[in-house]
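Here are my notes on this one, point by point. Have the sequence and the model open while you go through them.

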Amino acid sequence: MWRASVLTIFPDMFPGLLGISLAGKALDTRVWALETVDIRAHATDKHRSVDDTPAGGGPGMVMRADILAHAIDSVPPIGRPRLLMSPRGVPLTQERVAALAKGQGAIIVCGRFEGVDERVIAARGLDEVSIGDYVLSGGELAAMALIDACVRLLPGVVGQSTSIVEESFAEGLLEYPQYTRPAVFERLPIPEVLTSGDHGKVAQWRRAEAERLTRERRPDLSAAYLRRQNRTTDG
Ligand code: ADE
């Protein structure tokens, strides 16, 4: 079973939205398992503090290496990567999500405060992962995003139909626009080609629209897509 172990000072935040909808159903039916480890339970002083002031001065607090290491060591590592959610990490991609979903699960440390003592990151081999170039108050929301993205790829969680989104993303394109009834909404009709019944024309239109949206919104993805296309047409 795919297993997520989440280390956090806010275990009450879980399962949170992972307990609802697709992920929640899959959690109930034991397609995956969620375990939280309260980092504070591994504190040693009477105030149960897990952080301290940064060496060298400066604002904020830093999560202590010894407490976090003790919490990490309470989770058997058997075949699962140890991740640290952090805005400083390598950006998460669908490719990385797919690789994680194929494995046995993940041990996920949620950072809080201004950071985590660098020595525990090295000593426990934590792989820093970011979910985007913005700063959250802590790693918990980021961990939920990562887990949700993985769980929906587990066998039987999502129906066959939604694989379209993955396919277009895997090809490096954003998804084409979708329409459904009513035929006219606030004087806006559905594009004629989609009701023509010509499957070839529909496919052509969707590809062109996906390419246009990708060019307009994600020049980085568009450039990579065009480079790949040239490579395959060049042979
Ligand atoms: N913690 C705070 N901000 C984050 C981000 N953008 N990604 C992952 N973890 C975070």
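1. Strand 5 and strand 8 run parallel and are joined by 5 bridges. Strands here are DSSP runs of E with at least two residues, numbered from the N terminus, and two of them count as paired if DSSP finds at least two bridges between them. One place to look is leucine 84, whose bridge partner in strand 8 is glutamate 128.

2. Before going on, some ground rules: this is a predicted model, where local features need pLDDT of at least 70 and side-chain atom pairs count only at pLDDT 80 or more, while totals for chains, interfaces and linings use all residues. Residues are numbered from 1 along each chain as its sequence is written, and side-chain values use heavy atoms, with hydrogens and water left out.

3. Strand 5 also pairs with strand 6, again parallel, through 4 bridges. Leucine 84 turns up here too, with valine 109 as its bridge partner in strand 6. Next door in this pairing, methionine 85 stands opposite cysteine 110 of strand 6.

4. How buried is strand 6? Of its 6 residues, 6 are buried, so strand 6 is largely enclosed by the rest of the structure. Buried means under 20% relative accessible area, exposed means over 50%, and partly exposed is in between (1.4 Å probe, protein chains only). Gly105, Ile107 and Val109 point one way from the strand, Ala106, Ile108 and Cys110 point the other way, and all are buried.

5. Strand 1 (residues 2–8) is joined to strand 6 (residues 105–110) by 5 bridges, and the two run parallel. Alanine 4 has alanine 106 as its bridge partner in strand 6, and valine 6 stands opposite isoleucine 108 of that strand.

6. Put these pairings together and you get an open sheet of 5 strands in the order 2-1-6-5-8, with parallel pairing. Its edge strands are strand 2 (32–38) and strand 8, each of which pairs on one side only. On average, neighbouring strands of this sheet are turned by 35° against each other, direction ignored; the axes are lines fitted to C-alpha atoms, for helices over the stretch in contact, and angles run from 0 to 180 degrees between N-to-C directions.

7. Threonine 8 is worth a click. This residue is found in strand 1 and is buried, with a relative accessible area of 0%. Threonine 8 and alanine 33 are 25 residues apart in sequence, and their C-alpha atoms are 16 Å apart in space.

8. There is a second open sheet, made of 3 strands in the order 3-4-7, and its pairing is mixed. Strand 3 (51–52) and strand 7 (115–116) are the edge strands, each pairing on one side only. Strand 3 runs antiparallel to strand 4 (residues 62–63), with 2 bridges joining them. Aspartate 52 stands opposite valine 62 of strand 4.

9. On to the ligand. Which residues come nearest to it? Of the 13 around the ligand, these are Ser86, Ile131, Gly132, Tyr134 and Leu136, where near means that one of a residue's heavy atoms lies within 4 Å. Strand 5 (82–91) and strand 8 (127–130) each supply at least two residues of this shell, and strand 5 gives the most, with 3 residues.

10. The shell divides into 8 nonpolar residues, 5 polar and no charged. For that split, Ala, Val, Leu, Ile, Met, Phe, Trp, Tyr, Cys and Pro count as nonpolar, Asp, Glu, Lys and Arg as charged, and the others, Gly among them, as polar.

11. For the docking-minded, look at the backbone. A nitrogen atom of the ligand is 3.0 Å from a polar backbone atom of isoleucine 131. The value is also 3.0 Å from a ligand nitrogen to a polar backbone atom of glycine 132, and 3.0 Å again for leucine 136. Taken alone the ligand exposes 270 Å², and the protein buries 97% of that (Shrake-Rupley accessible areas with a 1.4 Å probe; for residues, only the protein chains shown count as cover).

12. Last, serine 86, which lies in strand 5. Serine 86 is buried, with a relative accessible area of 13%. Its side chain makes a polar contact with the side chain of glutamate 128 at 3.3 Å. A polar contact is a pair of N or O atoms within 3.5 Å; within protein, one must be able to donate a hydrogen and the other to accept it, and residues adjacent in sequence count only if both atoms are side-chain atoms.
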